[in-house]
Amino acid sequence: MRLSRYFLPILRETPKEAEIVSHRLMLRAGLIRQEAAGIYAWLPLGLKVLNKVNAIIREEQNRSGAVELLMPTIQSADLWRESGRYDAYGKEMLRIKDRHEREMLFGPTNEEMVTEIFRGYVRSYKDLPLNLYHIQWKFRDEVRPRFGVMRSREFLMKDAYSFDLDQAGARHSYNKMFVAYLRTFARMGLKAIPMRADTGPIGGDLSHEFIILASTGESEVFCHGDYLTFEVPGADTDFDDVAGLQGTVDRWTSLYAATSEMHDAAAFEAVPAQSKMSARGIEVGHIFYFGTKYSAPMGAKVMGPDGQEHEVHMGSYGIGPSRLIAAIIEASHDENGIIWPQAVAPFDAVILNLKAGDAGTDAACARLYADLTAAGRDVLYDDRDERPGAKFATADLIGVPFQILVGPKGLAEGKVELKARAGGEKESLPLDAVVARLTGRG
RNA sequence: CGGAGUGUAGCGCAGUCUGGUAGCGCACUACGUUCGGGACGUAGGGGUCGCAGGUUCAAAUCCUGCCACUCCGACCA
């Protein structure tokens with residue numbers, strides 16, 4: 001993408017409402033724009049990151065055996081009356097009426113709807129286990145949205161729902177998501193710690209929040225520091241290996257880790273002093289087992305091998321991709337801007353034409369751009385007629401992993417400079433060497 | 001929802017107390033000089049001062065009502 005033909009509205013000054021670094025940088029780097037309290041437009045660069053995050057989530061959900069579908073944002077109030085939550089949910093739910101005065105709502109979550117879909121088709125235990133997920137916009141009318149997309153009213157959520165014949169099966173389904181989540185966050189360069197969590201209004205008795213430690217986190221958490229050194233399960237994990245998966249989950253829940261609501265001061269005292277971590281955290285994922293909470297009132301039953309009907313045991317599993325992006329920035333930035341982990345970076349590299357209009361630099365940039373693009377790299381080419389300083393500042397702000405500096409000084413020796421955004425030194429290389437390096441052939 | 005604030009050009013702000021018809025920096029446009037870490041000069045463009053009433057010869061400024069947004073708290077993916 002040529003920057004001169006792109007839409008990248010970067011801000012030089014920080015909008016006054018942005019209090020935390022991720023919000024400031026998201027606004028300044030032109031990722032998002034606020035349209036109303038807690039409601040954001042995703043600008044082109046932000047959307048690219050969002051799509052990359054979604055792609056990773058999708059891959060790991062699919063790997064674990066979950067199946068993607070897409071449910072609507074607007075739901076019928078009647079569906080929620082079946083579970084009893086239409087009255088229970090309160091003012092956080094945005095309630096609307098259509099032209100026929102039918103009561104509708106903008107979904108804050110999808111347990112009812114997915115249960116309705118399930119009961120419409122599934123009759124036998126032989127079709128279980130089943131895990132259905134989607135990545136869809138949610139709306140929760142927060143009393144006080146804040147911190148940009150970290151706590152917004154409209155937000156994207158990956159929500160998965162598992163269906164099993166019995167509790168043992170549901171436990172395995174829970175473990176699959178547990179491991180999938182460990183892998184998902186690790187792939188984004190984040191160290192997420194699963195913590196025992198309160199089940200809240202959704203209910204149930206087995207729940208973990210996945211927390212990223214960050215000083216700007218909204219909740220206070222307590223955990224054993226060794227979690228930060230634990231090895232994340234590999235891509236070859238066998239999700240059908242019940243005992244193996246349970247072993248992984250047991251290990252990842254063997255040490256103390258709890259959010260403040262579930263904090264047990266006495267148990268925390270037993271943690272060796274040098275391993276005690278009391279910190280703030282950002283919740284990026286939350287998983288629940290809640291048994292028959294929805295299947296019972298909504299009549300989601302299957303025939304079991306015993307010839308009897310059984311209410312299915314369910315769990316739900318959420319990740320907030322929009323919030324996750326803020327968490328990634330909180331975890332990875334410096335005074336000049338964002339430093340994207342490669343896996344979610346909006347572009348693979350940015351080419352800085354340090355003297356746009358100069359025949360030599362123009363030609364070298366065009367060649368680099370063509371070669372890298374042909375090799376499948378997604379490259380941003382800063383071809384603007386701007387001073388070099390402005391280009392460096394822009395490149396640092398938007399945090400693309402590699403910067404390729406093309407100027408007359410280097411070209412005199414047939415070289416350009418390659419610089420990693422994450423604190424790397426500039427390295428002088430011939431054009432071909434840069435292409436080889438960035439396409440994994442060097 | 002309790003408490004505290006803020007709305008003036010795309011962004012950041014001054015002007016409001018003490019009423020006289022709107023200004024600064026950045027950004028933007030044109031031309032010129034510049035160009036390896038956010039250049040400089042000259043000339044420009046852009047605002048029904050959040051909205052609606054009221055007071056007054058005259059309102060960004062005073063009064064009333066409303067709306068929006070932000071921060072602290074309680075709540076929450």
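The exercises below work through a predicted model of chain A with RNA strand B.

**Exercise 1. Find what confidence the predictor assigns to chain A and to the complex.**

Step 1. Take the chain: its mean pLDDT is 94, and 98% of the residues in chain A reach 70 or more.
Step 2. Take the complex: the predictor gives an ipTM of 0.93 and a pTM of 0.96.
Step 3. Keep one caution in mind: where pLDDT is low, predicted coordinates should not be read in detail.

**Exercise 2. Describe the surface near RNA strand B: which residues come nearest, and which elements contribute?**

Step 1. A residue counts as near if its C-beta atom, placed from the backbone, lies within 6 Å of the strand. There are 43 residues around RNA strand B, and those that come nearest are Gly320, Gly389, Phe392, Gly407 and Lys409.
Step 2. Two or more residues each are given by β13 (276–291), α12 (388–398) and α13 (408–411).
Step 3. Helix α12 supplies the largest share, with eight residues.
Step 4. Sorted by character, the residues of this surface are 18 charged, 14 nonpolar and eleven polar.

**Exercise 3. Trace the pairing of β11 with β12 and with β13.**

Step 1. Strand β11 (residues 219–224) pairs with β13 in the antiparallel sense, over six bridges. One pair to locate is Cys223, whose bridge partner in β13 is Met277.
Step 2. Strand β12 (residues 257–259) also runs antiparallel to β11, joined to it by three bridges. Here Phe222 has Ala258 of β12 as its bridge partner.
Step 3. Return to the RNA: β13 is among the elements that give two or more residues to the surface near RNA strand B.

**Exercise 4. Work out the order of the sheet that contains β4, β5 and β6, and explain why β4 and β5 each have one side without a neighbour.**

Step 1. The order is β4-β6-β5, an open sheet of three strands with antiparallel pairing.
Step 2. β4 (74–76) and β5 (94–97) are at the edges and have a single partner strand each, so one side of each has no neighbour in the sheet.
Step 3. From one strand to the next, the twist averages 40°.
Step 4. Between β4 and β6 (residues 103–106) there are three bridges, in the antiparallel sense. Across this pairing, Gln75 stands opposite Leu105 of β6.
Step 5. The loop between β5 and β6 holds Glu101. Its phi is near 65°, a positive value in a residue other than glycine. Most residues other than glycine have a negative phi.

**Exercise 5. Lay out the five-stranded sheet and place helix α14 on it.**

Step 1. This open sheet has mixed pairing and the order β20-β19-β21-β22-β23.
Step 2. Its edge strands, β20 (379–382) and β23 (427–430), pair on one side only.
Step 3. With direction ignored, neighbouring strands are turned by 25° against each other on average.
Step 4. β22 (residues 415–420) and β23 are antiparallel and share four bridges. Lys415 stands opposite Pro430 in β23.
Step 5. Helix α14 (residues 431–438) lies across β19 (349–353), β21 (402–406), β22 and β23, and runs at about 105° to β23.

**Exercise 6. Check the length of helix α6 against its expected span.**

Step 1. Helix α6 (residues 167–187) has 21 residues. The expected span is 1.5 Å times one less than the number of residues.
Step 2. For α6 this should come to 30 Å, and the end C-alpha atoms are 30 Å apart, which agrees.
Step 3. After α6 comes Gly189, with a positive phi near 80°.

**Exercise 7. Locate the cis peptide bond that ends at Pro129.**

Step 1. The bond runs from Leu128 to Pro129, and its omega is near 0°.
Step 2. Pro129 sits in the loop between α5 (111–121) and β7 (130–139).
Step 3. For comparison, most peptide bonds are trans.

Technical notes:
Residues are numbered from 1 along each chain as its sequence is written. Chains are lettered from A and ligands numbered from 1 in the order in which they are written. This is a predicted model: local features need pLDDT of at least 70, side-chain atom pairs count only at pLDDT 80 or more; totals for chains, interfaces and linings use all residues. Ala, Val, Leu, Ile, Met, Phe, Trp, Tyr, Cys and Pro count as nonpolar, Asp, Glu, Lys and Arg as charged, and the others, Gly among them, as polar. pLDDT is the predictor's confidence in each residue, from 0 to 100. Two strands pair if DSSP finds at least two bridges between them. Axes are lines fitted to C-alpha atoms, for helices over the stretch in contact, and angles run from 0 to 180 degrees between N-to-C directions. Two residues are in contact if their C-beta atoms, placed from the backbone, lie within 7 Å.
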